[in-house]
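Here are my notes from a look through this one. I've kept them as numbered points, so you can open the model alongside and check each spot as you go.

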Amino acid sequence: MRRTIKLYIFQAAVMLFACTFGANAQTIKVNPKFGNVSKAELEMTEYAPDTSAVAVILYKGAETEVDINLHRDNTFAIIKKVHERIKVLKEPGTRYANFEFGYTYTNRLKEEIKNIKVETYNLVNGKTEKTKMSKKFKFDEKFTENVRRVSFTAENVKVGSVIEVEYTFESPNYTNVPDLVFQTDIPINQVVETFSYPEYFTFKKTQRSLEHLDYSQSEENASETIGMSTLSYRLFTDKFSAVDMPAMVDENLSFNSAQYRSRVIYDLGGVYIPGVVNKTFNKNWAAVDHDFIDAGILKDFFAKYRDKDELLAAVAGIEEDEAKIAAVVKFVADRVKWNDDVDKYPSPAKDVLKKGTGDSADINALVASALNTIGYKAEPVFLRRRTRGILVIFQITASAFDALMIKVTAPDNSKVWYLDGARKDGYLNVLPAHYLVEQARLINESEFGEWVDLRNLSRHKIVHSIVASLDETGLMTGTAKTEATGAYSYSIKAKYHGAESQEAYLEALQNRDELDELSEFQIDDSYGPTASLSYQFEKEYSLTGDKIYFKPFLSKFHSESYFRKETRKIPIDFEQPEDFSYIALVDLPEGWEVEEMPEPIKLTCPPVNAKLVFTCQNMGGKLIVRYNVNINEMVVAADHYADLRAFWEQLVNIEKSVIVLKKSNQ
C-alpha cells in the first residue's frame, strides 16, 4: 500500500519560478486508458480555454523509472513510458499526426525507442472508426554519426480526429533523467507525470513552472535480484499533475521560448547500493574543466600547428596583432571550409585538414593551434548559445555547453580578444547575438577554469543617416548610410551574405522602405570590426493641393508587432544592448514652409535602463532630425513588460511621425 510521505530524499529543491499547488478539474473529462476515446472527445470542435488552438493534448501520461536490473548491459537504466491523446481541431492541427524522436546509438551507449503503438479515431456516421498505424509509416534511420531517428505518422488524420500514441524510451545512461515536461506548443487538457527511483539514488530536483502544478510523493517496498542476492529497498514515486496547461508558443524577442515551459528536472547526486556501487555525481565546475582536458578532446587546441613553415610564411611581415590574428583565421579558412555546423568537441586536426571541411569546433581548434604556434595564447571557451536556452549555473554538467570558441591573449599579455574563427561575418570581439552570454566557461591548459562575460566585448552601435532633398512634387532624393559595430556589424554582414544574391538583397531593401528607386549600392562587408552600406534612393510622398505630407524616417526601425499583447509571462530577449542613432538632413523645397512638425521628446524608462531623445528642427529651410535610443538591458524580466511596452509604443509612434509642408503665399 502506498502512502504520502514528506519529500526528504532530495538534497535540494530550487524554485526558479513560482509554483502554486492545489486541485482543479480539467476542461474535458477523459478516461486515460489507451483506446477509451469517448464520443464527446470525437464531437468536440474547440477547446474552451483556448479557442484559437489548432489541436489540444487531451491527455498526456508519462511514467519514468530508474531500473536497477543489472542484467541489462550490466548497468542500470532509465525507462520512460509515454501515452498521449491528441485532438485535431483545425486543419493546421493535422501536423500533430507526425512524430519524430532522436536517440543516441553508439558502441558505448545504445538507447532505444520501442513498443510504438498509434491509433486514429474518427466519428463516421455517428459511429467510432479506428485506424491502426501500419509498419510502413514507421522509420528508424541513422541521423548523424552517433544519433538515430525514429519517425512515424498516424493514418487517416483529419479535422476532428483523435490520435492516440504510446511508446517507450530506454537508456543505459541512468545519470541523465529526461525532464518531466508539462507544456508544449499546443494546450494540454490533463497531464500526469511520475518518476520512480530506489532509495539508494539521491537527486536534486528543480521545478520550473509559471503555471499550476500538483505534487505528491508515495513509497512502497520493492526488491530486485542482483547476481545471487535479493536486494530489498523502498521505491519512491514522485507524481506531478496539471490541468488546462496553456500552450507555450514562440514569443517575439525570445531566443528560446521553449526553455520557459513548465518542467521538473532531476539531477543525480549519487548512488549507494551496499556491496554493489558507491558513486557520487555531485561535481563542481572545476571537475568539468578537468574532464574536458582529461578526455583529450582539446589536445589539438594547445598543440603546435602541423604545417608550421606554411603558417609562418602566411604571417610574415605582419606586425600589428589584430592583423596577424586575422591572417591566421584566413590561413585556416583557405584550408578548411566551415560546414555551418556548430559543435563543442573538435575532431583530430589531421582528419579535419585531410577532409578540408569541418564544424565550428574543428576550425576553432585549428585557429587556436596556429595562434599558439606563433606566440599568442589561445584558450578554449565553452558556451551555451542563447538559442539553446539559459545556462543554469547550478546544473553542473558538460552537456550545459553546445559551442566552442577562443580567447586570444597577446604575446606581451597587453590585450585580450574573443573569437569564433569559423565565422567570416564576425571578428575579434565581434560575435553573433546568440553568443552574447553572461557566463561562458574559459579553460586553460592547467585545467583551471573561470566564467567570462561575452555580452559587451565591443560596443554594439548602429547609426543610420540620410542626406536628402525634397522637391515641390513630393519627391525625395538622397543618400542613405548605415554604419555598425559589434553584434550589429555581424548582423548586417550575415544578412547580406545570407541573401540568394545581391539583387535579391536590394529588392528586399527597396520593398522594406517602399522606395521608388535604389541605386549606387555599396557595402563594406570585409573581415573586420565594422560594417557599413550606402545607396542612393528616390521616394515619392503625398502631394495634396498645396500641402506635402512626408515622413522624416526612411525606415521603421522598431516593429510595432513586438508588443501587441497586453501581458507576457516570459522575459524579453534583445539581441544586444541597443545603442541606436538616426540622423536626417533634408533640404525643403523653396517656397514651402513647415505647417506641422512633431514635438521633441525626451523619455526614460528606469525599470529597463532605457532612454530616448528625439528632436525635429527647421533650420532655414533644412530639416534636421535627431533620434537616439538606448536600451541597456539585454534581458528584461516579464515583470517590466508593461513599462517596456509603453516605452516601445513611443518609439513606434515617433517613427510614424508625419511632417506637413504648406506652400507659402508669398
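1. Let's begin with a turn. The hairpin of β16 and β17 has three residues between its strands, and Gly275 there takes a positive phi near 75°. The two strands, β16 at residues 263-273 and β17 at residues 277-280, run antiparallel to each other and pair over four bridges. If you want a register check, look across from Val271: the residue standing opposite in β17 is Lys279. Keep in mind throughout that this is a predicted model.

2. Now the overall picture. The protein has 666 residues, and 49% of them count as buried. Its secondary structure comes to ten helices and 38 strands. The C-alpha trace spans about 105 × 75 × 50 Å along the principal axes.

3. Two backbone angles deserve a look. Most residues other than glycine have a negative phi. Asp244 is not a glycine, yet its phi is positive, at about 50°. Asp244 is found in strand β15, which covers residues 229-245, and with a relative accessible area of 27% it is partly exposed. Asn609 also has a positive phi without being a glycine, this time near 55°. Asn609 lies in the loop between β34 (601-605) and β35 (610-618), and its relative accessibility of 37% makes it partly exposed too.

4. On to the charges. How many salt bridges does a search of the whole structure find? The count is 28. Here are a few of them, with the burial of each partner.

5. Take Asp334 and Lys330, whose side chains meet in a salt bridge at 3.0 Å, N to O. Both ends sit in the exposed class: Asp334 has a relative accessible area of 53%, and Lys330 has 52%. The cut-off for exposed is over 50%, so I'd read both labels with the percentages in hand.

6. Arg149 forms a salt bridge with Glu141, and the closest N and O atoms are 3.3 Å apart. Here both partners are partly exposed, Arg149 at 22% relative accessibility and Glu141 at 33%. Since buried means under 20%, Arg149 at 22% falls outside that class.

7. The pair of Asp579 and Arg459 is a different sort of case. Their closest N and O atoms are 2.7 Å apart, in a salt bridge. Asp579 belongs to strand β32 (residues 578-587), while Arg459 is in the loop between β24 (449-452) and β25 (462-470), so the pair ties together parts that are 120 residues apart in sequence. Is each partner buried or exposed? Asp579 counts as buried, at 13% relative accessibility, whereas Arg459 counts as exposed, at 53%. There is also a network: salt bridges with shared partners join Glu41, Arg85 and Glu164.

8. Which residues form a negative surface patch? They are Asp516, Glu517, Glu538 and Glu540. Asp516 sits in the loop between α9 (502-512) and β27 (517-524). Its relative accessible area is 38%, so Asp516 counts as partly exposed. Residues in a patch need over 30% relative accessible area, and Asp516 at 38% clears that bar.

9. Next, a pair of positions that are distant in sequence. Ala323 and Gly528 are 205 residues apart along the chain, and their C-alpha atoms are separated by 9.4 Å. Ala323 lies in helix α5, residues 321-333, and is partly exposed at 34% relative accessibility.

10. For contrast, try Pro380 and Tyr96. They are 284 residues apart in sequence, and their C-alpha atoms are 41 Å apart in space. Pro380 is found in strand β20, residues 377-383. Its relative accessible area is 0%, so Pro380 is buried.

Definitions and conventions:
Residues are numbered from 1 along each chain as its sequence is written. This is a predicted model: local features need pLDDT of at least 70, side-chain atom pairs count only at pLDDT 80 or more; totals for chains, interfaces and linings use all residues. Side-chain values use heavy atoms; hydrogens and water are left out. Patches are made of residues with over 30% relative accessible area and no salt bridge: like charges are joined within 9 Å, nonpolar side chains (Val, Leu, Ile, Met, Phe, Trp, Tyr) within 5 Å. Accessible areas come from the Shrake-Rupley method with a 1.4 Å probe; for residues, only the protein chains shown count as cover. A salt bridge is a side-chain nitrogen of Lys or Arg within 4 Å of a carboxyl oxygen of Asp or Glu. Lys and Arg count as positive and Asp and Glu as negative; His and the chain ends are not counted. The place of a charge is taken as NZ of Lys, CZ of Arg, CG of Asp or CD of Glu. Buried means under 20% relative accessible area, exposed over 50%, partly exposed in between (1.4 Å probe, protein chains only). Two strands pair if DSSP finds at least two bridges between them.
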